[in-house]
Amino acid sequence: MPPTMTTKNPTRAEELKLLANEAFKAHKYSQAIDLYSQAIELDEGNAVYWANRAIAHTKLEEYGSAIQDATKAIEVDPKYSKGYYRRGAAYLAMGKFKEALKDFQQLKKICPNDPDATKKLKECEKAVMKLKFEEAISVPKSERRSIADSIDYRTVDVESQYSGARIEGDVVTLDFVKKMLDDFKNQKCLHKRFAYQIVLQTRKHLRELPSLVNINVPDGKHFTVCGDVHGQFYDLLNIFELNGLPSEDNPYLFNGDFVDRGSFSLEVILTLFAFKCMCPSAMYLSRGNHESKSMNKIYGFEGEVRSKLSDTFVELFAEVFCCLPLAHVINEKVFVVHGGLFSVDGVKLSDIKAIDRFCEPPEEGLMCELLWSDPQPQLGRGPSKRGVGLSFGADVTKRFLQDNNLDLVVRSHEVKDEGYEIEHDGKLITVFSAPNYCDQMGNKGALIRFEAPDLKPNIVTFSAVPHPDVKPMAYANNFLRMFS
């Protein structure tokens with residue numbers, strides 16, 4: 001039989017576009033994508049539909065798909081300015097400033113008298129110049145010295161008027177952490193001396209760990225896994241309110257993406273690090289794709305640290321993030337990773353343990369895929385909607401679990417309406433712990449409690465709580481804020 005051809009119907013396509021626009025305005029981006037897709041099926045020669053679907057993908061951080069759609073809009077109509085605009089914005093969100101610059105230069109050619117196009121081009125040119133300057137003055141890796149080794153927190157004076165939380169001696173205590181949390185709740189800063197102490201002690205703990213950490217939960221005990229928090233400090237406090245503070249009897253694993261986007265990222269990371277110092281077995285931390293220089297430069301953490309602490313802390317956090325483990329295994333049965341699985345079969349736990357993780361994440365290979373990959377409903381493997389890593393199906397998950405005698409994959413990395421999603425025949429759970437992500441997605445957050453010995457996942461969901469009036473991305477790259 002010949003393939004079924006979709007009949008062109010521009011009138012119905014336009015109706016679907018209007019419905020998609022309404023869904024987009026209501027922040028229902030997946031629904032908008034579905035409706036734009038239906039419109040494209042009925043009239044694929046309309047550049048507006050492709051460009052509109054591109055921005056909906058961008059809102060879901062599916063930058064690879066956004067670039068594909070914007071490119072298609074440009075192919076359909078090479079003079080359609082929004083095609084270049086959308087593609088440039090997606091490149092920018094991926095940190096690909098040079099590619100973004102080409103699109104904004106083209107945008108300026110098409111719209112020479114548009115002040116907005118001129119402004120975007122100037123900002124992009126500034127970003128590329130800054131990048132070139134940083135590349136020019138960067139020190140070769142072989143000559144780089146550890147910033148941590150140059151810091152002695154004991155020499156940092158604490159002013160007599162400082163009334164905040166204090167660490168007495170070398171030990172981070174629960175009383176200190178509680179006082180610090182209370183200060184943070186009231187938007188007070190921690191003194192640099194104690195911030196240095198927490199970050200440096202955490203670095204020491206993390207450096208001693210392997211890239212794949214085995215966690216043992218004794219029979220009758222429980223263990224909690226949380227997903228992305230993304231700088232939403234007040235929602236982190238709510239997690240502890242609902243599920244108890246971290247302790248030896250109430251241990252947590254936070255599965256990456258502690259920082260960026262939310263504007264209380266410093267408070268989040270110092271809280272998690274302080275609990276790690278207080279009791280290392282109460283707090284496990286896994287690296288996410290946002291624990292990296294390139295992401296922090298764009299999505300707010302770098303700007304926030306510079307504003308609240310100093311440039312030295314920017315370098316120090318970047319160094320400590322490179323010490324974070326890449327994955328965990330609970331009781332030899334549950335594999336926990338930020339992103340997902342691999343572009344090749346046959347990867348063993350020993351291969352993950354052997355990864356030299358003390359670096360910025362590469363753009364390909366096992367480490368990249370652990371941090372960036374996503375599950376897909378189809379079998380096999382496909383390109384990543386994000387433009388980095390890959391998408392993998394239930395068969396890939398099943399083979400990985402069989403090869404390593406595991407029962408379940410838990411991962412994070414993707415916002416979910418209910419805070420979680422169970423996929424791949426029940427063998428993969430996504431958990432995301434930032435409710436109402438970026439103050440606009442309307443999603444719930446979730447956490448997973450595992451009880452030993454059966455390790456049956458008990459999923460708890462929760463809604464967002466109020467926070468002070470500091471908008472998400474308040475410290476983000478100026479240029480990116482123009483598009484958000």
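Select Glu62 to begin: at 12% relative accessibility, this residue counts as buried, where buried means under 20% relative accessible area, exposed over 50% and partly exposed in between, with a 1.4 Å probe and protein chains only. The model on screen is a predicted one, in which local features need pLDDT of at least 70 and side-chain atom pairs count only at pLDDT 80 or more, while totals for chains, interfaces and linings use all residues. Residues are numbered from 1 along each chain as its sequence is written, and side-chain values use heavy atoms, with hydrogens and water left out.

**Salt bridges**

Now add Lys385, whose side chain meets that of Glu62 in a salt bridge with an N to O distance of 3.4 Å; a salt bridge is a side-chain nitrogen of Lys or Arg within 4 Å of a carboxyl oxygen of Asp or Glu. This pair links distant parts of the chain, 323 residues apart, with Glu62 in the loop between helix H3 (47-59) and helix H4 (63-76) and Lys385 in the loop between strand S8 (381-383) and strand S9 (390-392). Helices (H or I, at least four residues) and strands (E, at least two) are DSSP runs, numbered from the N terminus. Unlike the buried Glu62, Lys385 counts as partly exposed, at 35% relative accessibility.

Select Asp170 and Arg154 next, which form a salt bridge whose closest N and O atoms are 3.3 Å apart. Both residues belong to the loop between helix H7 (115-137) and helix H8 (174-185), 16 residues apart. Asp170 is partly exposed, with a relative accessible area of 45%, and Arg154 also counts as partly exposed, at 49% relative accessibility.

Move on to Glu451 and Arg449, whose side chains meet in a salt bridge (3.7 Å, N to O). Glu451 counts as partly exposed at 32% relative accessibility, whereas Arg449, at 18%, counts as buried. For a network, select Asp374, Arg386, Arg411, Glu414, Lys416 and Glu421, which are joined by salt bridges that share partners. The structure holds 33 salt bridges.

**Asn331**

Select Asn331 in the loop between strand S5 (327-330) and strand S6 (334-337), where this residue counts as buried at 19% relative accessibility. A polar atom of its side chain lies 2.6 Å from the backbone nitrogen of Val217. Leaving aside residues up to four places away in sequence, Asn331 touches Ile215, Asn216, Val217, Ala452 and Leu455, contact meaning heavy atoms within 4.5 Å.

**Helices H8 and H11**

Display H8 together with H11, whose axes come within 10 Å and cross at roughly 175°; axes are lines fitted to C-alpha atoms, for helices over the stretch in contact, and angles run from 0 to 180 degrees between N-to-C directions. That makes H8 roughly antiparallel to H11, the term used for angles over 145 degrees. On the H8 side the contact is made by Leu174, Val177, Met180, Leu181 and Phe184, and on the H11 side by Glu267, Leu270, Thr271, Ala274, Phe275 and Met278.

**Helix H14**

Finish with helix H14 (residues 311-321), of whose 11 residues eight are buried, so the helix is largely enclosed by the rest of the structure. The buried residues to select in H14 are Phe313, Val314, Leu316, Phe317, Ala318, Glu319, Val320 and Phe321. Their cover includes helix H9 (192-207), helix H11 (265-278), helix H12 (293-299) and helix H13 (301-308).

Methods:
Polar contact = N/O pair within 3.5 Å; in protein donor to acceptor, adjacent residues only side chain to side chain. Parallel < 35°, antiparallel > 145°, perpendicular 65-115°, else oblique.
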